Amino acid sequence: MSNIPVAALVPLVVVAVAFVGFCWYDLSRSRVKYLPKWVWAIICLISIPLGGIIYLIVGRDTASVRG
């Protein structure tokens with residue numbers, strides 16, 4: 001068993017949950033490219049933080065104008 005204290009992991013978990021929450025919030029308000037929204041949501045959740053980063057760089061449709 002590793003000797004990493006649980007208190008050291010708490011900030012990482014909080015940041016990871018906040019990042020996924022941000023990606024889901026942005027996903028709910030933005031248009032997406034290449035994949036349906038539900039697939040992007042699963043990718044963001046399964047591959048933290050790489051899935052969220054890929055969504056923010058590739059998956060968001062930045063050409064659309066929000067009203």
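Here are four worked exercises on how the helices of this predicted model pack and how one charged pair sits among them.

Residues are numbered from 1 along each chain as its sequence is written, and side-chain values use heavy atoms, with hydrogens and water left out. Since we're dealing with a prediction, local features need pLDDT of at least 70 and side-chain atom pairs count only at pLDDT 80 or more, while totals for chains, interfaces and linings use all residues.

**Exercise 1.** Work out how α1 and α3 are oriented to each other, and which residues make their contact.

*Step 1.* Two packed helices are described by the angle between their axes and the distance between the axes. Axes here are lines fitted to C-alpha atoms, for helices over the stretch in contact, and angles run from 0 to 180 degrees between N-to-C directions. Helices themselves are DSSP runs (H or I, at least four residues), numbered from the N terminus.

*Step 2.* For α1 (residues 6–29) and α3 (residues 50–59), the angle is about 30° and the axes lie 10 Å apart. That makes the two roughly parallel; the cut-offs are under 35 degrees for roughly parallel, over 145 for roughly antiparallel, 65 to 115 for roughly perpendicular, and oblique for the rest.

*Step 3.* Now the contact (heavy atoms within 4.5 Å). α1 brings Phe19, Phe22, Cys23, Asp26 and Leu27, and α3 brings Gly52, Ile53, Tyr55 and Leu56. Sorted by class, that's seven nonpolar, one polar and one charged. Ala, Val, Leu, Ile, Met, Phe, Trp, Tyr, Cys and Pro count as nonpolar, Asp, Glu, Lys and Arg as charged, and the others, Gly among them, as polar.

**Exercise 2.** Do the same for α2 against α1 and against α3.

*Step 1.* α1 and α2 pack at about 170°, axes 10 Å apart, so they are roughly antiparallel. Val20, Cys23, Trp24, Leu27 and Ser28 of α1 meet Lys37, Trp40, Ala41, Cys44 and Leu45 of α2. The class count is eight nonpolar, one polar and one charged.

*Step 2.* With α3, α2 (residues 37–46) makes an angle of about 140°, with the axes 7 Å apart. That makes the pair oblique. Trp40, Ile43 and Cys44 of α2 touch Gly51, Gly52, Ile54, Tyr55 and Gly59 of α3. This time there are five nonpolar, three polar and no charged residues.

*Step 3.* Val39, Trp40, Ala41 and Cys44 of α2 are buried, and their cover includes α1 and α3. Buried means under 20% relative accessible area, exposed over 50%, partly exposed in between (1.4 Å probe, protein chains only).

**Exercise 3.** Find the salt bridge and say how accessible each partner is.

*Step 1.* Side chains of opposite charge can pair when their charged atoms come close. The criterion is a side-chain nitrogen of Lys or Arg within 4 Å of a carboxyl oxygen of Asp or Glu.

*Step 2.* Searching the whole structure turns up one hit: Asp26 with Arg60, at 3.1 Å, N to O. Asp26 is in α1 and Arg60 in the segment after α3, 34 residues apart.

*Step 3.* Asp26 is buried at 6% relative accessible area, whereas Arg60, at 24%, is partly exposed.

**Exercise 4.** Describe the surroundings of Asp61.

*Step 1.* Asp61 is in the segment after α3 and is partly exposed, at 24% relative accessibility.

*Step 2.* Skip neighbours within four places in sequence, and its contacts are Arg31, Val32 and Lys33. The C-alpha atoms of Asp61 and Lys33 are 5.6 Å apart, though 28 residues separate the two along the chain.
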